[in-house]
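Thanks for coming. I will go through one structure, starting with burial and ending with charge pairing.

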Amino acid sequence: MATNRFALTALTALAPVSWGSTYAVATEFLPADRPLFTAALRALPAGLLLLALARVLPRGVWWGRAAVLGALNIGAFFPLLFLSAYRLPGGMAAVVGSVGPLFVAGLSVLLLGDRPTLRTLLTGVAAALGVSLVVLKAAGALDPVGVLAALASTASMSAGTVLTKRWGRPDGVGPLALTAWQLTAGGLLIVPAALVVEGAPPALDGRAVGGYLYLALANTAVAYWLWFRGIGRLTATQVTFLGPLSPLTAAVIGWAALGQTLTPLQLAGMGLAFGATVLGQLRTRGPATTVIAATSAAEAGDVRPATRPRGSAEASPRKGSPDLTVPGSRR
């Protein structure tokens, strides 16, 4: 039983690990300054692919519920996350996202009647502190729009995951179909916004096509399926504290693949965040307390690069925008 739980946890952890690679891929492969276009290509093709595999459409009330969940978890979350990453310095978006489990604890009290344990709250604070040590560095005044976007993205995913827990799944519908519905609905919301705001899609070379294929397939279709599958089978607390693996992965990629350095303070933060992740996997007595909004924490851990070798929709700050990198990394 313990072996099966470990294997399930390890598979679920692949989702935030994959999200930690987003900005490294985007920086090296994708066209610059197209956040909505990239969000659309992440969500819609992945959703349509999973929909074709699941071959299940919503029925009755689930048409409306799928639209609401898709809007909260994908359609609003992706663009708001990218906007906050463009405008906030030094990984602040990751720090705001890392408090998602605490947002969810409050929403779960209101919508689910759950009461978080003291250990869950303290571990959540420790995880947020560890992430902040990894991604933050000295910066000037924070951009109010960026802060509001980061808070809104975290709140959007938090509300979406609480509603996912409250509504469950229709009889006979698995996590593959539920993931497909949300990605498709969210993608359909992003596409018209991308066309209005960013205009026609850019020309893509082979590198960009490969990057988008990775984002749509491994980084989104597979990762979100594993994530929602884990939410359905693990306790909420266990899944919640897998979120910090994303910024930790991003920092490691910056060090190992992009020639960046890690300071002693960052290493201490990585140890603290990883320790909170491990502690969060320990079962507590009594009912699970909260549902997971760690997708916001996990995805927000995809922090922006400091330099712009080949900018991207998700990775290239606009000219004159502040440095948005995890210190010592270029993602």
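A residue counts as buried when its relative accessible area is under 20%, as exposed when that area is over 50%, and as partly exposed in between. Ser-108 has a relative accessible area of 0%, so Ser-108 is buried. This is a predicted model, and that applies to everything I say today.

Ser-108 sits in helix α7, which covers residues 100-111. Between Ser-108 and Ala-159 the separation is 51 residues in sequence, while their C-alpha atoms are 9.1 Å apart in space.

Now the chain as a whole. How many helices and strands does the protein chain have? The count is 15 helices and zero strands. The chain has 331 residues, and 54% of them are buried. Take the contacts between residues at least 6 apart in sequence: 89% of these join residues at least 24 apart. The accessible surface comes to about 13300 Å², and carbon and sulfur atoms account for 70% of that surface.

Next, the interior. The largest nonpolar core contains 30 residues, and Phe-78, Tyr-224 and Trp-227 have the most contacts inside it. At least two residues of this core come from each of α1, α3 (35-54), α5 (77-87), α10 (175-198) and α11 (206-233). Another core lies apart from it, with nine residues, including Ala-54, Ala-66, Ala-177 and Trp-181.

Let me stay with α1 and take Thr-12. Helix α1 runs over residues 2-19, and Thr-12 is in it. Is Thr-12 buried or exposed? Thr-12 counts as buried, because its relative accessibility is 0%. Where does its side chain find a polar partner? A polar atom of the Thr-12 side chain lies 2.9 Å from the backbone oxygen of Leu-8. Beyond its neighbours within four places in sequence, Thr-12 is in contact with Leu-226, Trp-227, Gly-230, Leu-234, Val-239 and Leu-242. Trp-227 came up a moment ago, among the residues with the most contacts inside the largest core.

Now the outside. A nonpolar patch on the surface is formed by Leu-49, Leu-53, Leu-204, Val-209, Leu-213 and Leu-217, which together have about 510 Å² of accessible area. Two elements, α3 and α11, give two or more residues to the patch. Of the contributors, α11 gives the most, with three residues. Leu-204 is placed in the loop between α10 and α11. With a relative accessible area of 36%, Leu-204 falls in the range between buried and exposed, so Leu-204 is partly exposed.

Last, charge. In general, side chains of opposite charge can pair when their charged atoms come close. How many salt bridges does the count come to? One. Which side chains meet in the salt bridge? Those of Glu-198 and Arg-34, at 3.4 Å from N to O. Glu-198 is in helix α10 and Arg-34 is in the loop between α2 and α3, so the pair ties together parts that are 164 residues apart in sequence.

Both partners fall below the burial cut-off of 20%. Glu-198 has a relative accessible area of 17%, so Glu-198 is buried. For Arg-34 the value is 13%, so Arg-34 is buried. Helix α2, on one side of the Arg-34 loop, covers residues 22-29. The side chain of Arg-34 also reaches the backbone oxygen of Ala-200, at 2.8 Å.

That is the end of my part.

Note on methods
Residues numbered from 1 in each chain as written. Predicted model: local features only at pLDDT ≥ 70, side-chain atom pairs only at ≥ 80, totals over all residues. Heavy atoms only, no water. Helix = DSSP H or I, 4+ residues; strand = E, 2+ residues; numbered from the N terminus. Buried < 20%, exposed > 50% of the residue type's maximum accessible area, 1.4 Å probe, protein only. Polar contact = N/O pair within 3.5 Å; in protein donor to acceptor, adjacent residues only side chain to side chain. Contact = heavy atoms within 4.5 Å. Areas by Shrake-Rupley, 256 points an atom, 1.4 Å probe, with all protein chains shown as cover. Core = buried A, V, L, I, M, F, W, Y, C linked by side-chain atoms within 4.5 Å. Patch = residues over 30% accessible without salt bridge, like charges linked within 9 Å, V, L, I, M, F, W, Y side chains within 5 Å. Salt bridge = Lys/Arg side-chain N within 4 Å of Asp/Glu carboxyl O.
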